[in-house]
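Colleague: Before I use this model, I would like to go through the labels attached to it and hear what each one rests on. Could we take them in turn, with the criterion set beside the value?

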Amino acid sequence: MQEAHEPLFWVGACTVACVLLWLLYRLLSGFRIWVLGNGSLLTPRLGKWAVVTGATDGIGKSYAEELARRGFALMLISRSQDKLDDVAKLLEEQYKVETKTIAVDFGKADIYGTIEEGLSGLEIGVLVNNVGVSYPYPEYYLHIPNLDNFITNMINVNMTSVCQVRSKGVILNISSASGMYPVPLLTVYSATKAFVDFFSRGLQEEYRRQGIIVQSVLPFFVATKMTRIRKPTLDKPTPDRYVQAEVTTVGLQSQTNGYFPHAVMETILLQYTHTYCKACTTASFTTRKPVTPPSTIAFYYFYLVLHIHIPHTSLSNLSNERMKPASRGTRI
Ligand SMILES: NC(=O)c1ccc[n+]([C@@H]2O[C@H](COP(=O)([O-])OP(=O)(O)OC[C@H]3O[C@@H](n4cnc5c(N)ncnc54)[C@H](OP(=O)(O)O)[C@@H]3O)[C@@H](O)[C@H]2O)c1
């Protein structure tokens, strides 16, 4: 009997040791990233200029300010010249740095000649591919008004811009936590952000040996014009607070949530609940019985309220009519 127990004892002991070692590793790497950080990497020694797309508002504007504070000259690329002039003036007055601007609409495909011309000759140290658009409200795919234009615009702004605006040095591509898992009702947005994440991670491996850093940044909610969150909280920070935390992860993580509470949310809410939900779905397929323990309900709560963040008004907008399956002949 004792002989039979001995191998089991060693299997158990090895499992416990592995789990403890894994926990220790997570703790130490968490300490390195979130407490010590890598704040001194982003300096003009990388190259005099920092380029930020979508730089007139929200996260992009905060990156522009943070990089100007670190002494970079700023090339700001966004849609409206008036807003670009305001931000450029602010940076010049507040941080005494040189600025240039390019006004282009990233929804259009023929702008990259203008951008290339504007960037030629600049010694670029940091590029932040930040420009992005989301849904005005969550919606079923086939019910999106003006669907064809919507798709073209979102692909151009969220995906083409990231592939076409290029540099050496450090490249920060702003994806989204919505790109880590499919997000129904924001399906196109979620898919474009998954593209940005995969593109960045692939590129990082291709060019790592040449000293180029490509980081995929996947924030959860940040209080900006896009999310219409007016009151920042610990888990929905101001863009300034988010960016200050994110820049310290550059060079330490090639894929990051950028902000400690968001990293915790990703680990607990998404990784574990997603795995749990998958297990429940598999179980319910196999047993042909629905699995509805309270934790599944909790999962859906977190998934809807925290991950998709459907505003309550938008939820009530999803009328019964919209819930009907696509009628025959509908293009899908
Ligand atoms: N906020 C969040 O919670 C969150 C979470 C995850 C990921 N993200 C990602 O972070 C990035 C920035 O988001 P944000 O919340 O800071 O957005 P935001 O506040 O809406 O700002 C977007 C910026 O992009 C510019 N822009 C928008 N459409 C453009 C176009 N067609 N051509 C040129 N410029 C354009 C805007 O210029 P105008 O002022 O002229 O419109 C503005 O400067 C996006 O890629 C977004 O997907 C955001």
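Modeller: Helices here are DSSP runs of H or I with at least four residues, and strands are runs of E with at least two, numbered from the N terminus. On that basis the secondary structure of the chain comes to 11 helices and seven strands, and I should add that this is a predicted model.

Colleague: What makes the seven strands one open sheet, and in which order do they lie?

Modeller: Two strands pair if DSSP finds at least two bridges between them, and the resulting order is β3-β2-β1-β4-β5-β6-β7, with parallel pairing. The edge strands are β3 (99-103) and β7 (255-256), since each of them pairs on one side only.

Colleague: How do you know that β2 and β3 pair?

Modeller: Strand β2 (residues 73-78) and β3 are joined by five bridges in the parallel sense, where at least two would be needed. One position to look at is Ser78, whose bridge partner in β3 is Ala103. Helix α3 (residues 81-95) packs on the sheet there, touching β2 and β3, and its direction makes about 170° with that of β3. Helix α6 (residues 187-207) also packs on the sheet, touching β5 (170-174), β6 (213-217) and β7, with its direction at about 160° to that of β6.

Colleague: Why is strand β4 called largely enclosed?

Modeller: A residue is buried if 20 or more other C-beta atoms lie within 10 Å of its own. Six of the six residues of β4 (residues 124-129) are buried, so the strand is largely enclosed by the rest of the structure. As for its pairing, four bridges join β4 to strand β1 (residues 49-53), the two running parallel, and Trp49 has Ile124 as its bridge partner in β4. β4 and β5 are likewise paired in the parallel sense over four bridges, with Leu172 in β5 as the bridge partner of Val128.

Colleague: What can be said in the same way about β5, and which of its residues point one way and which the other?

Modeller: Five of the five residues of β5 are buried, so β5 is largely enclosed by the rest of the structure. Val170, Leu172 and Ile174 point one way from the strand, while Ile171 and Asn173 point the other way, and all are buried. In a regular strand the side chains alternate between the two faces of the sheet. Asn173 in β5 stands opposite Asn129. Five bridges join β5 to β6, which run parallel, and the bridge partner of Leu172 in β6 is Gln215.

Colleague: Three loop residues interest me as well; why does Ala223 count as buried?

Modeller: Ala223 has 20 C-beta neighbours inside 10 Å, and therefore counts as buried, the cut-off being 20 or more. Ala223 lies in the loop between β6 and α7 (239-246), and, leaving out residues up to four places away in sequence, it touches Ile229, Arg230, Pro232, Lys236, Pro237 and Thr238. Ala223 and Pro239 are 16 residues apart in sequence, yet their C-alpha atoms are 6.5 Å apart in space.

Colleague: Why is Leu185 called partly exposed and Arg228 exposed?

Modeller: Leu185 has 19 other C-beta atoms within 10 Å, so it is partly exposed, whereas Arg228, with 11 C-beta neighbours inside 10 Å, counts as exposed, because that label applies at 12 or fewer. Leu185 lies in the loop between β5 and α6, with phi near 75°, a positive value in a residue other than glycine. Arg228 lies in the loop between β6 and α7, and its phi, near 60°, is again positive in a residue other than glycine.

Colleague: What supports the "transmembrane region" label at residues 7-25?

Modeller: The label comes from UniProt, in an unreviewed entry, and such annotations may be inferred rather than shown by experiment. In the model, residues 7-25 are 100% helix and 0% strand, with the end C-alpha atoms 27 Å apart.

Colleague: Finally, which residues come nearest to the ligand?

Modeller: Of the 30 residues around the ligand, Gly54, Gly58, Gly132, Thr224 and Met226 come nearest. Helix α2 (residues 58-69) gives the most to this shell, with three residues, and by class the shell has 12 nonpolar, 13 polar and five charged residues.

Conventions: Residues numbered from 1 in each chain as written. Predicted model: local features only at pLDDT ≥ 70, side-chain atom pairs only at ≥ 80, totals over all residues. Near = placed C-beta within 6 Å. Nonpolar A, V, L, I, M, F, W, Y, C, P; charged D, E, K, R; others polar. Contact = placed C-beta atoms within 7 Å. Axes fitted to C-alpha atoms, helices over the stretch in contact; angles between N-to-C directions.
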